[in-house]
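Student: Please take me through this model by question and answer, with the cut-offs stated as they come up.

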Amino acid sequence: MTGKAGALSDRAVVAVLCGGFFLLDFDLVVINPVLVPVSKDFGVGLGTVAFALTGYLAMVGIMQPVHGSVSDRVGRVRVLRTALLGLGVADLGAALAPNVALLIVGRAIAGGFAAALIPVTVAYVGDHIPMERRQRTMAALMSSSAVGAASATVVAGILTDLLDWRSPLLIPAVAAPLLAVVYARLPEAPRVREAGPSARERFAQVLGDGWFRFFIPFTFIEGAAMMGLFNFFNAALQKHGSSVLMSGLVTSAYGVAAIGGSVVVRAVDARATGAGMFGWGTGLLFTGYLTAALTQSVAGILIASALAGLALAVGQSALQAWILEAAAPEVRGSATALIACSVFTGAAISTAAVGPLAGRGDFGLLFAIAATATVPVSIVGTLARMRFARSDRAMTMPAGPPPAVDREAPDSLN
């Protein structure tokens, strides 16, 4: 049987969710090491090929509210499994694309399905994981995603050197449907009854919340800095003469550092404040971008990649835990979807905006812009998190699942 509570232990549930986040970032980042080889193969500029990244990020952003809203109604696990199946098919199409236009379309469709993995997983964590363990759980998920990103850079480098740029894209095409089978064992989260609020009412509730009116524009800028511009580390190395494989090995420091950051989060979680964690995380990101702006040497990008990985584990996990704490349980899926939409839309727009700089090879200016954008994110976010910690919301928001729920889990996709 699938979809029944108790099918997996809490630790196993987190492990499965980490597998989804690993695949998500593997799929997102696998295109980065092959941007230059694709531009040479199809005879187009790097700025044009970068739309395969921009389109993916844009669809991840646009489709977040759709998946989050649907998951509030039909169940988190059902949505996640459907998304994994669609992701696999779209990546297969991208891997076989005969021209750059179809590659961009395939990757954009893959991003539309991948969009489900972020808000629905975060909402699932909010439904199942006690508040005192959420920061650590989110850090584990962020670490898994970073390891996926690091693995993608190394694997893509090796396969591109040995075979061609298409072969790395076949890995998520095969892995996603297999993971959908594993997800069938997850216990389904409670769902709102049919008599509950409509999707429009849930989104209106979120948008009517003062904290979420702050979160949405704030995370747009945070996403541009944290999730968008680091994607050009690999291309910067290749443009300065490094091979695809060497570039992948260097930028894989991102994942290694994120694992270390996750260990740090678990060690200091009980003592550090959310504001402190966010401030440290964004400070690390600023230092990484500044280093990359000053030099795009192997050493410079290695340091920048490591600092960005630490920033993801420390800063982004703190932000996710903050959002879960602020969201009302009955609209958690919709709330996390809107935030993830803002994050990835910001990332997509930032990558499109700096595409001409990447095309000209002006990576120093590109990373200087990234560092500059990180400064207000760090200052405003840290101060806002401190204010939230002193608010009545932080003391009174219920931590568990919605009070009015259908305790019968939705049918699985068998």
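Tutor: A cavity here is a set of points, on a 1 Å grid over the protein atoms alone, where a 1.4 Å probe fits but cannot get out; lining residues have an atom within 4 Å of a point. Grid points are joined across faces, edges and corners, and a volume is the space filled by probe spheres set on the points. The model is predicted: local features need pLDDT of at least 70, side-chain atom pairs count only at pLDDT 80 or more, and totals for chains, interfaces and linings use all residues. Residues are numbered from 1 along each chain as its sequence is written, and side-chain values use heavy atoms, with hydrogens and water left out.

Student: How many cavities of 30 Å³ or more does the count come to?

Tutor: The count takes cavities of 30 Å³ or more under the grid rule just given. The number is four.

Student: What space lies in the largest cavity, and which residues are the closest to its centre?

Tutor: The space in the largest cavity is about 190 Å³. Helices are DSSP runs of H or I with at least four residues, numbered from the N terminus. By that numbering α1, α7 (117-128), α8 (134-162), α16 and α17 (332-353) each give at least two residues to the lining of the largest cavity. Of the 19 lining residues, those closest to the centre are I118, M142, Q316, Q320 and F344.

Student: How many salt bridges does the structure hold?

Tutor: Side chains of opposite charge can pair when their charged atoms come close. The criterion is a side-chain nitrogen of Lys or Arg within 4 Å of a carboxyl oxygen of Asp or Glu. The number of salt bridges is three.

Student: With which residue does R107 form a salt bridge at 3.1 Å, and which one does it meet at 3.0 Å?

Tutor: At 3.1 Å between the closest N and O atoms, the partner of R107 is D27; this pair links helix α6 (residues 100-114) to helix α1 (residues 10-29), 80 residues apart. At 3.0 Å, N to O, the partner is D91. D91 lies in helix α5 (residues 76-95) and R107 in helix α6, so this pair ties together parts 16 residues apart in sequence. The partners are therefore D27 at 3.1 Å and D91 at 3.0 Å.

Student: Why does D91 count as buried?

Tutor: Buried means under 20% relative accessible area, exposed over 50%, and partly exposed in between (1.4 Å probe, protein chains only). D91 counts as buried because its relative accessible area is 0%.

Student: Which residue forms a salt bridge with E325?

Tutor: E325 lies in helix α16 (residues 298-326) and its partner in helix α19, so the pair ties together parts 60 residues apart in sequence. Both residues are buried. At 3.2 Å between the closest N and O atoms, the partner is R385.

Student: Which helix gives the largest share of the nonpolar patch?

Tutor: Patch residues have over 30% relative accessible area and no salt bridge, with nonpolar side chains (Val, Leu, Ile, Met, Phe, Trp, Tyr) joined within 5 Å and like charges within 9 Å. F286, L290, L294, V375, I379, V380, L383 and M386 form the patch, with about 710 Å² of accessible area together (Shrake-Rupley method, 1.4 Å probe, only the protein chains shown as cover). Two or more residues come from each of α15 (274-294) and α19 (363-389). The largest share, five residues, comes from α19.

Conventions
1 Å grid on protein atoms, 1.4 Å probe; cavity = no way out; pocket = protein on both sides within 12 Å on 5 of 7 lines; lining within 4 Å.
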